[in-house]
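Good morning, colleagues. I should like to take you through one structure this morning, beginning with a sheet and then turning to its side-chain pairs. Please look at the display.

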Amino acid sequence: MPAASFDPAHTRIPPVSLNKERRTVNLIRLTARFGRSYAGEITAVIVLQLVTTLATLYLPDLNADIINNGVAQADVDYIWSVGRTMLLVALLQVAAAVAAMWFASRAAMRTGRDIRTAVYERVSSFDSEDMAHFGTATLITRATNDVQQVQMTFLLFLNFMVAAPIMAVGGIIMALRQDAGMSWLVVTAVIVLTVVVGIIAAVLMPLFKRMQAKLDNINGLLREQIAGIRVVRAFGREDYEAARFAEANQQITRLSLNIGRVFVTMFPVIMLILNLATAAVLWFGGHRVDQGLVEVGSLTAFMQYLMQILMAVMMGVFMLMMLPRAIVCADRVEEVLTHEAGRVAGGSAGAGGAPISKGSVRFADVSYTYPGAEQPVLERVSFEAHPGTTTAIIGATGAGKTTLVGLLPGLYSPSSGQVLIDATPVTAIPREDLVGAVAMVPQKPWLYSGTVASNLRMGKADATDKELWDALRIAQADFVDNLEMPISQGGTNVSGGQRQRLCIARMLVSDAKVYVFDDSFSALDALTEAKLNAAMRETVRDKTVIVVAQKVSSIQHADQILVMEAGRIVARGTHEELLASSETYREIVDSQAEVRA
């Protein structure tokens, strides 16, 4: 795919074919599932919103009573008496509204926190296939922006949608009590406002869906450019990358402006409806007062109730402003939470058989095909590796070496065949047991922001300082003079060789049964590599060691060397045996000898 068309939101995620009703169900199901833990706060919100709404509906009735029976009769005592009641009701309304907002905020924010936690835990269980299916950029957007939209919609629902139906129904009843003759005004205003809101919602839904996709796109593009900034500068492609980002930025800007235009049009239209309704009440109500069909106080109360009814509809408008986007976001979050991970570990310790005690590894006719690929990257691979031995894997680039060792810690699941540790399939071993049994130094060493100690203790959380220093000594990490030495994200403040040595030390701290080195010595000079191998001999003498390497000099003393070509093991044996029997191995040895010469 050309670089200029990079769009993870569209290329990695298959289009969702759910209809609007199904998406709405996803939003309801998501908030209900995570919000049920806060049923107490939600119940308090409902009760307090009921109190607030009833108080709001009672105030215009008291106001009409003051005008009709106090002002019209010039009864000052009556005005003071009813006025005190109005003040108490208003104070009750304010106190209940504040308390309802507090409980609603607690419930909504905690629900959002729980959804983010669930998304994080689900993504943490994904294997490499699952990550490739979604893509990093969209997972970040779904765990942050999408969850935020669902959270804010839930907050608006608790604050508005509980009170709005009560306000609308109660307002209609109270308005008809004041003057049933003008009920047609209420019906007309509500119908017109509802139609306008429906049209706005229909326009916003596809726009918000496209907005989330554009957010995925720009997040992926920005992440790619920041991660590859050295490559961009090395090839002088700053202008090209800037143009790519400018185009993506312009797309999301144009879409945001289109959404903004809808909102800009919406508010004047709604205010026009409200003002026309007020004018209609004054015009037709004035004639009814003149005819003696209604009192002035009742007309005033009717107008207030009409405004309350329309304000209830306005609450629905604010809700609908968020609802289309929240529906799309909830669907995207639900897709992550319900995605069937490629690898499903056992549920409890020992669920897959006896605990791992030795660390014997066996690959039995293992094949693997990447999703969407036409040809398998591994085909019927079989070998065994036992404690106290070193198995080396060598071959040309693209032979399948990294994919092969990635099957052992469960980064991938075999398409066919089995990967076994102590005769137990890897897919049947509980995740915590597998992590404790297999430690791996990946081809691309990665360190996390923090300190040397915090990075090494990822291998063993309760490791002592002595264990950390021992691992650093064996890994030849003599550049570390303090366990609190700061490490930047990705280890960008240390060299490539230093990152590799720290990752090796982290693996040694874990004290696993199986050690996997995926081309982990590529950035080390010959002297450092020799010292490291000599220092590790005693440490790994009872471990199963599997090494992927490009340099023959790194593996010539291995107990077993597997030569891979096009996803198959084409030869196996010791260094001397392969020199005598394998043409492919001799070619590798000769090519490296020529390079050194």
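The sheet before you is open and consists of six strands, ordered E6-E9-E10-E3-E11-E12, with mixed pairing. I should state at once that this is a predicted model. Which strands stand at the edges? They are E6, residues 438-441, and E12, residues 568-573; each has a single partner strand, so one side of each is left without a neighbour in the sheet. On average, and ignoring direction, neighbouring strands here are turned by 20° against each other.

Let us stay with the E6 edge. E6 and strand E9, residues 514-518, run parallel and are joined by four bridges. Within this pairing, Ala439 of E6 has Tyr515 of E9 standing opposite. As a general reminder, the strands of a sheet pair through backbone hydrogen bonds, in either a parallel or an antiparallel manner.

I turn now to the aromatic residues. How many aromatic pairs does the structure hold? There are seven. One of them is formed by Tyr370 and Tyr412, in edge-to-face geometry, with 5.8 Å from centre to centre and 85° between the planes. Tyr370 belongs to the loop between strand E1 (361-368) and strand E2 (378-385), while Tyr412 belongs to the loop between helix H12 (401-406) and strand E4 (416-421); the pair therefore ties together parts that are 42 residues apart in sequence. The two partners differ in their burial class: Tyr370, at 30% relative accessibility, is partly exposed, whereas Tyr412, at 15%, is buried.

A further pair is that of Trp446 and Tyr448. The ring centres are 6.4 Å apart and the planes stand at 80°, so this pair is edge-to-face. Trp446 is partly exposed at 40% relative accessibility, and Tyr448 is partly exposed at 43%.

Returning to Tyr370 and Tyr412, ring pairs link these two residues with Tyr368 into a cluster. A ring may also face a charged group: Arg237 lies over the face of Tyr240, at 4.4 Å from the ring centre.

That brings me to charged pairs. Side chains of opposite charge can pair when their charged atoms come close. The structure holds 19 salt bridges, among them one between Arg332 and Asp146, at 2.5 Å from N to O. Arg332 lies in helix H11, residues 296-337, and Asp146 in helix H6, residues 136-161, so the contact ties together parts that are 186 residues apart in sequence. Are these two residues buried or exposed? Both Arg332 and Asp146 are buried.

For another setting, consider Glu247 and Arg254, whose side chains meet in a salt bridge at 3.8 Å, N to O. Glu247 is partly exposed, with a relative accessible area of 40%, and Arg254 is partly exposed as well, with 39%.

Next is the salt bridge of Asp478 with Arg501, where the closest N and O atoms are 3.8 Å apart. Asp478 lies in the loop between helix H15 (465-474) and strand E8 (486-487), and Arg501 lies in helix H16 (residues 496-510), so the pair ties together parts that are 23 residues apart in sequence. Here an exposed residue meets a buried one: Asp478 has 67% relative accessibility, and Arg501 has 14%.

I end with a network: Arg29, Arg33 and Glu334 are joined into one by salt bridges that share partners. Thank you for your attention.

Notes: Residues are numbered from 1 along each chain as its sequence is written. This is a predicted model: local features need pLDDT of at least 70, side-chain atom pairs count only at pLDDT 80 or more; totals for chains, interfaces and linings use all residues. Side-chain values use heavy atoms; hydrogens and water are left out. Two strands pair if DSSP finds at least two bridges between them. Helices (H or I, at least four residues) and strands (E, at least two) are DSSP runs, numbered from the N terminus. Axes are lines fitted to C-alpha atoms, for helices over the stretch in contact, and angles run from 0 to 180 degrees between N-to-C directions. Rings of Phe, Tyr and Trp (its six-membered ring) pair if their centres lie within 6.5 Å; planes under 30 degrees apart count as stacked, over 60 as edge-to-face and the rest as tilted. Buried means under 20% relative accessible area, exposed over 50%, partly exposed in between (1.4 Å probe, protein chains only). A charge sits over a ring if NZ of Lys or CZ of Arg is within 6 Å of the ring centre and within 35 degrees of the ring normal. A salt bridge is a side-chain nitrogen of Lys or Arg within 4 Å of a carboxyl oxygen of Asp or Glu.
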